[in-house]
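Hi,

Here is the structure I promised to pass on to you. Have a look at it first, and then read my notes underneath.

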Amino acid sequence: MAKVFEKIIYDQLYNYPNANDLLTSCQSGFRSLHSTLTALLETSNNWCVNVDKFKGLLIGVIFIDLKKAFDTIDHETILQKLAKYGVDQDALKWFKSYLTSRLQRCNVNNHLSSATPLNCGVPQGSMIGPLLILIYIKDLPNCLSLGSPRMYADDTNVTFATSDMLGLETQINTELKSINLWLRANKLSLNVAKTEFMVITSRQKLQYLNDKTININVEGVKINQTDNSKALELNIDENLSWKEHIHATSKKVASSIGALKRVRPFISMHTAIEIYYSTNCNTVQIWS
């Protein structure tokens, strides 16, 4: 009964922001006709167009990592945001009862701790939880004035475009400061250790840069610069050559094919096909 009722609430809550255009257009997570594929296509296409169309343009991308966003959503803040977006008082009472009065215990070596109330986070495995995340971080793009964000739930990257490294450094540092202030105001935390940035440009432009590194930091902590990053399971390199992604995919497929080859003499064709579809073999077409 609880799951059925949760589905009814989810449908109403999902339809309302979509009908009233309340969700940001740069959000691709947990939305109809949106996926990791659409997010990656739009982002990578934007990078390629900027690099090809505007010769000499530098693209800076910062890949933002949040510390356990699903587990640290503040209950009072999400209720305030739901009220702001038009959820009435009776529905807010239901959401408050849904989020609060939950307990957690820890079991170590068969010793169970006492129950502790959960004061933040959305229920794990719930239908409504991911949708509440979208509503919670909907206004994150509002803190940006120079960067172009692309989001998949809490997975966010922000793109900047300028003609020189100094300008790129200034833009990223300015926007990163604004993002950090927004996160603090919404009781979320930036995972500085896993947040990184990349400078994307053509191979020819990259060769002629006198200084290929820039200093990006937040609250005095330096952000790591990388020439290859993984976003939504796609390996992205600074030249957009996709060589790293092709190499990683080939390695996965080769490993799966090798395992299938070793067990093939001992199993039926039907079982082999089942294994094929349950592993990375089907990343590429290998059957005739």
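Let's start inside a hole. The residues that line the largest cavity split into nine nonpolar, two polar and two charged. Please keep in mind that this is a predicted model.

So what is the volume of that largest cavity? It comes to about 100 Å³. Among its 13 lining residues, the ones closest to the centre are Leu40, Arg150, Asn157, Ala231 and Leu232. If you want to find the walls on your screen, look for α2 (36–53), β6 and β7, since each of these supplies at least two residues of the lining. Which element gives the most? That is α2, with four residues.

How many cavities of 30 Å³ or more are there? The count is two, and the second largest holds about 70 Å³ of space. Its lining is made of Leu13, Tyr16, Pro17, Leu22, Leu23, Leu82, Tyr85, Val87, Ile135 and Lys138. By type, that lining has nine nonpolar residues, no polar ones and one charged. Helix α1 (residues 2–19) provides the largest share here, with three residues.

Now for the sheet, where β6 and β7 turn up again. Five strands form an open sheet in the order β6-β7-β1-β8-β11, and the pairing is mixed. Why do β6 (148–152) and β11 (224–225) each have a side without a neighbour in the sheet? They stand at the edges and have a single partner strand each, so one side of each is left free of a neighbour.

For β6, the pairing with β7 (residues 155–162) is antiparallel and runs over five bridges. One pair you can look up is arginine 150, whose bridge partner in β7 is asparagine 157. You have met both already: Arg150 and Asn157 are listed among the residues closest to the centre of the largest cavity. There is a helix to spot here as well. Helix α7 (residues 165–185) packs on the sheet and touches β1 (58–64), β7 and β8 (196–200). The direction of α7 makes about 145 degrees with that of β7.

Next, zoom in on β1. How many of its residues are buried? Seven of seven are, which leaves the strand mostly covered. Both of its faces are covered, too: Leu58, Gly60, Ile62 and Ile64 are buried on one side, and Ile59, Val61 and Phe63 are buried on the other.

As for its pairing, β1 joins β7 in the antiparallel sense over seven bridges, with isoleucine 62 having valine 158 as its bridge partner in β7. β1 also pairs with β8, again antiparallel, over five bridges. In that pairing, valine 61 stands opposite methionine 198 in β8.

Finally, zoom out to the whole chain. It has 10 helices and 13 strands, and its C-alpha atoms fill a box of roughly 60 × 60 × 45 Å along the principal axes. Of its 288 residues, 41% are buried. Counting contacts with a separation of 6 or more, 70% are between residues 24 or more positions apart.

If you only have a few minutes, I'd go to Arg150 and its bridge partner Asn157, and then to the cavity they help to line.

Cheers

Notes: Residues are numbered from 1 along each chain as its sequence is written. This is a predicted model: local features need pLDDT of at least 70, side-chain atom pairs count only at pLDDT 80 or more; totals for chains, interfaces and linings use all residues. Side-chain values use heavy atoms; hydrogens and water are left out. Two strands pair if DSSP finds at least two bridges between them. Contact means heavy atoms within 4.5 Å. Axes are lines fitted to C-alpha atoms, for helices over the stretch in contact, and angles run from 0 to 180 degrees between N-to-C directions. On a 1 Å grid over the protein atoms alone, a cavity is a set of points where a 1.4 Å probe fits but cannot get out, and a pocket is an open set with protein on both sides within 12 Å along at least five of seven lines; lining residues have an atom within 4 Å of a point. Grid points are joined across faces, edges and corners, and a volume is the space filled by probe spheres set on the points. Ala, Val, Leu, Ile, Met, Phe, Trp, Tyr, Cys and Pro count as nonpolar, Asp, Glu, Lys and Arg as charged, and the others, Gly among them, as polar. Buried means under 20% relative accessible area, exposed over 50%, partly exposed in between (1.4 Å probe, protein chains only).
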